[in-house]
Amino acid sequence: MNEKENERNEAEQAPARVPKKKKRSGNKKRLLAIIISVVLVVAILLTVLIVNLVRKRRPPELEQIRDRAIALIESSFAINEILFGKGLPTYPRIYQFSDYVTVKDPTDKDKNIYYFLFEDEEHGTVIGYQYYVRYMPDDAQTDADGNKLYTTVDLENQNSELTGDFPSYRFAKRVNEQTKGEGAIWHSDEGHYSYYPIEFDAESLFFYDTDDEPYYDYVRTDSGYLSVEDIQERAAEIYSAAYLASVNESVFTGITVSDRDSGTLYPLYMNEIDDNDMVYLKKYNQYKGLELGTRVYDYSTMRIDKGDSNASYVVLEIESWLEGKESERITVRVALALENGTWFLDSPTY
């Protein structure tokens, strides 16, 4: 055989080669299929996640929060008055030994008897006055140790002796009139008024000391609040933590905005602890408070503003008016925030 025939025979006997190009094409198809599958899985997962996210952000139905919202709004009126309105009632500034008159005792010696004036919701201007004097009579009796005993006499009842327990003061209310009326204990010709005896509970009085701060009055112990913490705890039952944080400084802490005297906003309420570790609640008496009035809500008009609400924050729209002014209805917005699974007010309701 010649060389050309040998080459031809070898070529015919050699196995056929698979083109590399076809192998690459098959790999691409498999890769494309995998990519498409992954994309579909991711798309499905994203769809599920988005649906779940939308569901989680969707605000609750009105009926789910309606009763809670009404209870919060109705409960807020009292705490609103404490935080933003007239505030808690305080004891009038009465100083037990602020004024006195000098009288003669049965031995013709000068004695000072004390009195004080204060304003009372029921009686108006009231005077509390000491009506007795103690003196040492010439024929004074002695105790077991030989000490002479004082005698106490009632000046209003012809110096009759007083024994045992008796009140420190008697009380009378001021009545404006031109002439002295029957039964009056004292009349002012210049002031044109008289004082008439009244029954008054002396135990309800609270006496200030001259070293008490002039701009803080003591909150009445029968108000239901004995400390700053009592107010904060009650407010936290109604308002969200975020909302209360926004009013905390002005109500309980105070704010200093400059070094000038007028640059300090004093806290509305503060505690005072005496030497016996007794806590007294005091209120800043220069704060006049807002005239809140009584706001009425028509809960039948309540609806959720879904555009501004989500699963943890709801804005309600409710028709409302001030008591006695129903013709001046307005639509107010009241916000609620979800904290630890419980709804709280997140905006004022006055």
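**Notebook: strands, helices and one ring pair**

I began with Ile127, which stands opposite Ala172 in strand 7. The model I am reading is a predicted one.

Entry 1, strands 3, 7 and 9. I looked up the pairing around Ile127 and Ala172. Strand 3 (residues 124-129) and strand 7 (residues 170-176) run antiparallel and are joined by 4 bridges. I then followed strand 7 to its pairing with strand 9 (residues 193-198), which is in the antiparallel sense and extends over 6 bridges. Here I noted Val175, whose bridge partner in strand 9 is Ser194.

Entry 2, the sheet of strands 4, 5 and 6. I found an open sheet of 3 strands in the order 4-5-6, and its pairing is antiparallel. Which strands are at its edges? I wrote down strand 4 (132-135) and strand 6 (160-161), as each pairs on one side only. Strand 5 (residues 151-154) pairs with strand 6 over 2 bridges, in the antiparallel sense. Across from Val153 I found Glu161 of strand 6.

Entry 3, the sheet of strands 15 to 18. This open sheet has 4 strands in the order 15-16-17-18, with antiparallel pairing. Strand 15 and strand 18 (342-345) are the edges and have a single partner strand each, so one side of each has no neighbour in the sheet. I noted an average twist of 40° from one strand to the next. Within this sheet I checked strand 16 (residues 313-322) and strand 17 (residues 330-339), which run antiparallel and are joined by 8 bridges. Ser320 has Ile330 in strand 17 as its bridge partner.

Entry 4, helix 3 over the sheet. I asked which strands helix 3 lies across. The list is strand 15, strand 16, strand 17 and strand 18, and helix 3 runs at about 160° to strand 15.

Entry 5, aromatic rings. I noted a count of 27 aromatic pairs in the model. From these I took Phe77 and Tyr297, whose ring centres are 6.3 Å apart and whose planes are at 15°, so I entered the pair as stacked. Phe77 lies in helix 3 (residues 62-83) and Tyr297 in strand 15 (residues 295-304), so this pair ties together parts 220 residues apart in sequence.

Entry 6, helix 3 with helix 4. I turned next to the other contact of helix 3. The axes of helix 3 and helix 4 come within 10 Å and cross at roughly 145°. I recorded this crossing as left-handed. From helix 3, Ser75, Ile79, Ile82 and Leu83 take part, and they meet Ile231, Arg234 and Ala235 in helix 4. Sorted by class, the contact of helix 3 with helix 4 has 5 nonpolar residues, 1 polar and 1 charged.

Entry 7, helix 4 with helix 5. I looked up how helix 4 (residues 228-236) meets helix 5 (residues 241-253): their axes come within 12 Å and cross at roughly 160°. That angle makes helix 4 roughly antiparallel to helix 5. The crossing in which helix 4 passes helix 5 is right-handed. Which residues make the contact? On helix 4 I listed Val228, Ile231, Gln232, Ala235 and Ala236, and on helix 5 Leu244, Asn248 and Phe252. The contact of helix 4 with helix 5 divides into 6 nonpolar residues, 2 polar and no charged.

Entry 8, cross-check. I compared the two lists for helix 4. Ile231 and Ala235 of helix 4 are in the contact with helix 3, and Ile231 and Ala235 are also in the contact with helix 5. Arg234 is on the list for helix 3 with helix 4, while the contact of helix 4 with helix 5 has no charged residues.

Conventions:
Residues numbered from 1 in each chain as written. Predicted model: local features only at pLDDT ≥ 70, side-chain atom pairs only at ≥ 80, totals over all residues. Heavy atoms only, no water. Axes fitted to C-alpha atoms, helices over the stretch in contact; angles between N-to-C directions. Parallel < 35°, antiparallel > 145°, perpendicular 65-115°, else oblique. Left-handed = near helix turned anticlockwise from the far one by under 90°. Contact = heavy atoms within 4.5 Å. Nonpolar A, V, L, I, M, F, W, Y, C, P; charged D, E, K, R; others polar. Pairing = 2+ DSSP bridges. Phe/Tyr/Trp six-rings, centres within 6.5 Å; stacked < 30°, edge-to-face > 60°.
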